[in-house]
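I opened a new notebook page for this chain. The entries run from surface and overall make-up down to a single loop residue.

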Amino acid sequence: MWSSLLPKGVTSCPPLGNIGGHTGWVSTVATTVLDGRAVAVTASGDKTVRVWDLSTGEQVGAPWTGHTNGVRTVALSVLDGREVVVSGGDDETIRVWDLASGKPVGEPLHLHADSVQALAVGERQGRRVVVTGCYDHTVRVWDLETREEVMAPFREHTGPVYTVATAVLDGRWVAVTGGGPAVHVWDLETGEPVGKPFTAHTGYVGAIAVGELPGGQAVVISGGYQTTTRVSDLATGLPVGTFPRPDHLEGAAITVVDGRIVAVLCVDEEPAVQLWDLATMEPVGELFPQHTSTPNTLATAVLDGRQVVVSTCSYGSIRVSELVVNGTVGKPVRHDAAITAVATTSVAGRPVVVTGSEDRTVRVWDLDTGDEVCPPLTGHTGAVTAVAATEVDGRGTAVTGDTEGEVRTWDLAIGKQVREASTVHRRPITAIGADGGGDMPRAITAGDDKTIRVWDLRTGEETGKPRKSDHRWVQDLAVTALDERPVAVLGRWGGGFKVRDLASNRDTGLQTTGGNGKPVRLVAATVAGGRSFALTADDSWPEPWVKVWDVAAARQVGPLPVSSVEALAATTIDGHPVAVTTSGKGVEMWNLTTLIRIRPDMRFPEPVRALAATPDGRLIVCFDRDVAVFPLVPTG
């Protein structure tokens with residue numbers, strides 16, 4: 001499982017960073033109970049149906065395969081005493097699956113009616129029937145057991161039928177369907193319309209939900225693209241009310257929370273799931289599921305005695321949010337732009353994460369609770385490009401740099417800047433390292449002005465003379481120990497590295513040979529068993545791999561076969577040196593002694609831009625504005 005430093009009351013299916021989730025858009029979700037566990041059933045453009053344990057976020061069994069195109073919709077029913085899932089999609093078929101085993105029940109039903117956009121299960125003459133909404137503007141009704149069509153198709157819609165629900169009205173089963181700008185209600189016994197269609201919408205209807213007001217009046221919530229979200233009387237179609245805010249409705253559900261009837265809505269271009277009192281049409285809360293795009297479908301469930309909302313988005317994520325009225329769940333206290341750099345240290349004995357962002361702020365997070373340790377650290381006049389952290393005389397300290405060439409030092413316990421910013425670099429800061437050990441805690445900074453500078457963290461004074469880098473600037477560096485003295489490993493413009501002594505601010509003379517490589521973009525380092533390892537990444541062709549080095553010998557140990565690396569980290573677990581690399585949205589972990597990958601790749605919703613590893617064996621992963629924390633696995 002994962003934990004995030006940002007949202008509260010939100011979990012992920014599959015657990016964030018795990019492989020094995022949907023690989024295409026997720027179109028729908030339904031919830032039920034399987035063997036006493038609350039589960040969600042989802043369908044996707046990857047042609048599969050999957051089941052998720054909502055307590056653990058883990059997938060239950062293997063994906064259900066059989067559809068030959070994207071799966072658009074699922075519904076739950078009972079057939080021959082066992083719970084089944086009915087699915088439909090772009091391959092123009094309806095398929096039935098045993099929920100417990102995931103195996104198909106009978107042969108698929110071929111509709112020959114363009115794609116199946118929506119379906120729901122009801123009853124007709126005491127038998128279970130499936131009501132399907134199709135892209136060819138029709139609504140069709142099928143016997144669940146015999147797979148036979150039981151009445152002529154409904155052809156009153158003027159556009160694709162994107163949404164279907166069933167309900168009992170005055171003791172009879174009805175189907176409620178949305179297509180084009182209208183909502184229709186159909187008697188499932190006779191096939192006849194019930195009342196007149198609801199025609200107040202100005203755009204196509206894409207979502208509906210059926211429920212009751214406190215007095216027992218049956219109502220329909222309906223909405224969609226470029227149209228107001230409305231509440232109508234199910235029997236007459238007459239308007240009951242409109243929500244004052246939600247247009248572009250994507251998904252809707254109705255539930256009861258603490259005796260209050262609540263409408264749960266997700267709306268296009270809104271990151272939050274909205275909660276409304278259905279009787280008063282007043283907002284009563286918001287949920288922030290932390291999707292990377294707008295939530296597009298949702299369902300409610302009870303999980304460990306708590307009501308939750310399960311939501312999905314078109315990019316494939318599935319989130320579980322605690323349903324709380326008169327409050328906010330998961331609202332992100334986070335950066336306003338992408339995180340660019342991360343480091344770890346301790347404040348008052350507690351591990352913290354320090355993040356820098358394009359929003360020009362630095363934030364400090366308690367690694368165990370996810371709470372902010374202090375208000376955002378402000379003052380940078382440009383995007384933060386580099387962060388280092390250490391302890392100075394027992395106090396957590398961060399050193400940060402930005403695109404304007406400013407270097408700032410912060411006391412993390414009080415959330416204050418220690419002294420005036422240094423502006424001697426005059427051009428963007430490319431890298432910062434820090435070392436709190438020894439007699440003099442130091443920081444080392446590199447910038448686009450082609451200089452490398454070392455600073456006394458107690459006084460803020462520069463130590464020694466600034467060093468000019470070779471021909472071009474140093475893009476990254478890492479602080480490590482060599483023969484028990486602090487050194488900085490500097491990435492070279494021509495490939496490989498040089499080693500600089502932090503105490504004297506002089507080159508040690510130790511460097512890799514050759515100078516025909518590509519500029520080193522990333523550097524990381526760690527020490528294991530008295531041996532110092534370094535990692536470098538560049539854009540060499542045709543093998544742009546990460547290179548592993550023995551620092552003392554300035555000799556390459558071998559490559560890690562991973563390319564297009566955007567971030568590096570290194571640490572030591574149980575005496576074993578470990579590297580963590582990112583490529584796009586993936587994160588991989590390697591044993592630096594064997595050069596073998598030591599765990600399955602982790603996948604994230606957005607490209608990973610920064611990494612850090614803690615001394616107690618946790619990995620910090622930053623993607624977009626979010627932070628996730630994982631235990632680093634032993635290497636064995």
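Entry 1, surface. I looked up the exposed area first: the chain exposes about 25,000 Å², and carbon and sulfur atoms supply 47% of it. I note here that the model is predicted.

Entry 2, burial and extent. Of the 636 residues of the chain, 59% count as buried. I took the spans of the C-alpha trace along its principal axes and got about 90 × 45 × 40 Å.

Entry 3, secondary structure and contacts. I found 54 strands and 0 helices in the chain. I then looked at contacts between residues at least 6 apart in sequence; 43% of them join residues at least 24 apart.

Entry 4, charges. I listed 75 negative and 57 positive side chains, with the centres of the two sets 8 Å apart.

Entry 5, annotation. The unreviewed UniProt entry carries the annotation "repeat: WD" for residues 19-62, 64-107, 109-152, 332-375, 377-420 and 444-465. I checked two of these spans. For residues 64-107, the end C-alpha atoms lie 14 Å apart, and the span is 52% strand and 0% helix. For residues 109-152, the end C-alpha atoms lie 16 Å apart, with 55% strand and 0% helix.

Entry 6, one loop residue. Where does Glu 484 lie? I placed Glu 484 in the loop between β39 (477-482) and β40 (485-491). Is Glu 484 buried or exposed? Its relative accessible area is 81%, and the cut-off for exposed is over 50%, so Glu 484 counts as exposed. I also looked up Gly 530, which is 46 residues from Glu 484 along the chain; their C-alpha atoms are separated by 8.4 Å.

Note on methods
Residues numbered from 1 in each chain as written. Predicted model: local features only at pLDDT ≥ 70, side-chain atom pairs only at ≥ 80, totals over all residues. Heavy atoms only, no water. Helix = DSSP H or I, 4+ residues; strand = E, 2+ residues; numbered from the N terminus. Buried < 20%, exposed > 50% of the residue type's maximum accessible area, 1.4 Å probe, protein only. Contact = heavy atoms within 4.5 Å. Areas by Shrake-Rupley, 256 points an atom, 1.4 Å probe, with all protein chains shown as cover. Lys, Arg positive; Asp, Glu negative; His and termini not counted. Charge placed at Lys NZ, Arg CZ, Asp CG, Glu CD. UniProt positions renumbered as here; feature names shortened; annotations may be inferred.
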